[in-house]
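Biologist: I'm new to reading structures, so could you go through this one with me slowly?

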Amino acid sequence: MKIKQPLLSETKMLVIFLIPLVAVLLLTDIIPLGFSTYLATSSWQLVDRGASATWVGIENFRKVIADPVFRGSFRVSFGFALGSTLVELLLGLLVGYMVVGESWTMRVVRTIIIIPMFIPGVVVGTIWRMMLNVNAGIVNYALGLIGMLPQTWLSAANTALPSIILMDVWYSTSFVIVLMVAGISTMPPDPVRAAMVDGASRWQIFRYIMLPMLAPVLSVAVLFRFIGSFFVLDHVYTTTYGGPGFATNAMSFHLYRQGLLYFNLSYTAAASWLMIGFALLIILVLNWLRRVLEHYAS
Amino acid sequence: MNGKMYARQLRRREFLKVAGLTGIGISGARLLAACAPAPTGEPTAMAGTTQFGSSLTATYMSSGTYDAAANDMVAAFEAEYGTKVTVAAFPWMGLVSNNAKDLITGAGNYDVMSGASADLWAYLEPLDPYIQRDSYKQSFVPGLLDKMPHFQGALLGLPYGADSYGMAIRTDLFKEAGIEVPEEAWTWDEFDKNVADLHAKFKDRGISGFVLAGGAVDQLGPFFWGRYDGYHWSKDGVLKHDETMSVAALERLMQELQSCPDNVLGLSIDEANAVFLAGNACVLECWPSFIRAVMDDPQQSKIAGKWAFMPYPTPGFDYLSVWPLVINKTSKNKEAAWEWLKAYVNEEADKRTFEKYGFGLAMTTTLEDPGLMAKHSNDFPATLANLSRAKVPVVIDEAEFFLGQVVSEVVNGIASSKDGIAKINEKWATMRGAQPEYEMAVAQGLVQK
């Protein structure tokens, strides 16, 4: 039988099939990032249609870093991310430990617990804005029933950011719970059984056996939650709009206003690259931590 | 290798090869089609309407009022001019963003727009030639046209939906306290004394002397400016406030907050209005158009028949909010756009929209209409006085919002008045001001002498 040789080699076929993917990556990632770099190193007044951009090097980055509003928004975002991640981690671990199990009851409880994950962030913000309303909110109503004075949760400087952190905890802890349940469920049972045989208490088992084995899962949870919280926008937009003053003026919100309302594109591009740089730094640190903890756990 | 298997593999390879090449071909063709220049817009002439294009798009804020009034006009306009009209309504942020994008890119999707920031006034069609050609003349509130966008001296927009900050008062409580309802504007000193007296007299009954939207960051700038009688631009052409007068304005505002409910710094515009409608405040600083329609509705108000508007105190900057209806310079249907402007902004439409939707008041014919005056005798005289002296802001949006944020810091005790004003001036010095706004500032006497 005569065998017909293929027109193209397998390597060339592979290249041809990869072209659409590379084209999509170019269009959706490489080119926009490249243009963003161009914007970040140029001075371009978008409102001057037809005006060409002037290359200014790192001048935009210098302006951004020197801007006290940007520095303040970094502090707000960092504080929000730190506060919400810590609380979500502790609460997620505790609740995850309590709801692990294959009984019908636990499955129902877990299903109910993860419902907040499926609500859009804007809806969550709107619901909580109504709940925390100073005159008609259910939270102040409940406080009134126990004789406490109503609080201006979202409009007082000392309660606005904690209120948004509380909202994020309600919204995002279920993600941590899911990770913890998965981590606990897949732990090998032998070390725990051995510890029980040796007479270790539940706390000792948790502290010295389960927690180290969960450390890699915890580091993944910290990574996702910290980065996700750091880039918060919808909670701020729907509740405090950055106020009172600059108390909840998170970085994403600040850059949204700069870029999309005021068209300060060069500033926004430079600030965005700084945000990406910081996020990459966090990822590198947490990845290193995860490897250390995995080594320790093994 | 089994011959049959190899043959099957060959067929599969052939199929994959053909499918892959076909897919690439289709994708390439679509990409080329997408890169092709868009077809140029009409106008295609309609019988009897050779000067108008076949379609017109007008943008409005989605509110159930401005856009609804526009939709009311569509059928009659289409019948008269043969131009298909699309009313594109967006929430405020979306409207600002979409209008700006269309002007900056020159896309020309919108022929008529509601508003545009001062940065973009160069992209708007001057209206003076149309006004002169058609002898378009309406009884606008005195000074209102001067406060519309101008670029290099040319008028760019026609006003609709005029409103300025007002003071709603409880006439019954004023009478009980022995305070005469003023026909002329009080000074701010008189205002402060009277609200303090009202607060002292009625606070035990759960009624505050004064209320405003202290929790609305974007309104704190107007509240501050209402009490500030200084310049907004320095003589060097930089955005700046007089420090001494600014500190005095902030201190006055904070003093007035003592006569407000305890939770005043948490109140939005609607919540502050609700406090007044519930009968729990003697004076409300508000946008009259937001509250006027319900004040005499017993279902929504406990103060029906017991309120009035008084002239806004002086000296200071009564904040004017008015929508300019403008024509996009890249519109391909400018004649149709101009006809739409005339149809939407005229004396008859102003009265109609006020009666049906509660907005308008850009024309003195509405404010002096005998029938409406009889119904709104507790409102119109003060409203006309306020609209006549009100001013439009002359700083870019970024500067105004920053001002509101800093004022919020000051009233919340995060920063002192002096530090707050220093922060504002320091930040404003780094911001570019818009040349048209500087010209507006000169026209309104808001430049340092």
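Modeller: Let me begin with the naming: helices (H or I, at least four residues) and strands (E, at least two) are DSSP runs, numbered from the N terminus. This is a predicted model, in which local features need pLDDT of at least 70 and side-chain atom pairs count only at pLDDT 80 or more, while totals for chains, interfaces and linings use all residues. Residues are numbered from 1 along each chain as its sequence is written, chains are lettered from A and ligands numbered from 1 in the order in which they are written, and side-chain values use heavy atoms, with hydrogens and water left out.

Biologist: OK, what does the model score, overall and for chain B?

Modeller: The ipTM is 0.84 and the pTM is 0.84. For chain B the mean pLDDT (the predictor's confidence in each residue, from 0 to 100) is 89, and 89% of the residues of that chain reach 70 or more.

Biologist: Now the empty spaces. How many cavities are there?

Modeller: A search of the whole structure finds four of 30 Å³ or more. On a 1 Å grid over the protein atoms alone, a cavity is a set of points where a 1.4 Å probe fits but cannot get out, a pocket is an open set with protein on both sides within 12 Å along at least five of seven lines, and lining residues have an atom within 4 Å of a point. Points are joined across faces, edges and corners, and a volume is the space filled by probe spheres set on them.

Biologist: And what lines the largest cavity?

Modeller: The largest cavity holds about 130 Å³ of space, and of its 13 lining residues A:Val69, A:His254, A:Gln258, A:Tyr262 and B:Gln405 lie nearest the centre. Two elements give two or more residues to this lining, namely α11 (251-261) of chain A and α16 of chain B, with α16(B) giving the most, four residues. By class, the lining divides into six nonpolar, four polar and three charged residues, where Ala, Val, Leu, Ile, Met, Phe, Trp, Tyr, Cys and Pro count as nonpolar, Asp, Glu, Lys and Arg as charged, and the others, Gly among them, as polar.

Biologist: Which residues are nearest the centre of the second largest cavity?

Modeller: They are B:Tyr160, B:Tyr344, B:Ala349, B:Asp350 and B:Thr353, out of 13 residues in the lining. The space in the second largest cavity is about 60 Å³, and at least two residues of the lining come from each of β6 (157-164) and α12 (347-357) of chain B. Eight of the lining residues are nonpolar, four are polar and one is charged.

Biologist: Switching to pockets, what is the volume of the second largest one?

Modeller: The volume of the second largest pocket is about 690 Å³. It is lined by 26 residues, and the closest to its centre are A:Lys63, A:Tyr267, B:Lys427, B:Thr430 and B:Met431. Elements of chain A that give two or more residues to this lining are β1 (42-43), α2 (59-66), α3 (68-99) and α12 (265-297), and those of chain B are α16 (397-411) and α17 (417-428).

Biologist: Which element has the largest share there?

Modeller: That is α2(A), with four residues of the lining of the second largest pocket. In terms of class, this pocket lining has ten nonpolar, eight polar and eight charged residues.

Biologist: Different topic: what order do the strands of the open sheet in chain B have?

Modeller: The order of the four strands is β8-β9-β7-β10, with mixed pairing, and two strands count as paired if DSSP finds at least two bridges between them. The edge strands, which pair on one side only, are β8 (208-211) and β10 (307-310) of chain B. β8(B) pairs with β9 (residues 281-286) of chain B in the parallel sense over three bridges, and B:Val211 has B:Leu284 in β9(B) as its bridge partner.

Biologist: Last thing, where are the cis peptide bonds you marked?

Modeller: One runs from A:Gly243 to A:Pro244, with omega near -5°, and A:Pro244 sits in the loop between α10 (234-238) and α11 of chain A. Another joins B:Thr314 and B:Pro315, with omega about -5°, and B:Pro315 lies in the loop between β10 and β11 (320-327) of chain B.

Biologist: Why mark those at all?

Modeller: They are marked because most peptide bonds are trans, and likewise most residues other than glycine have a negative phi. A:Tyr241, which is also in the loop between α10 and α11 of chain A, has a positive phi near 55°. B:Gln152, in the loop between β4 (150-151) and β5 (154-155) of chain B, has a positive phi near 50°.
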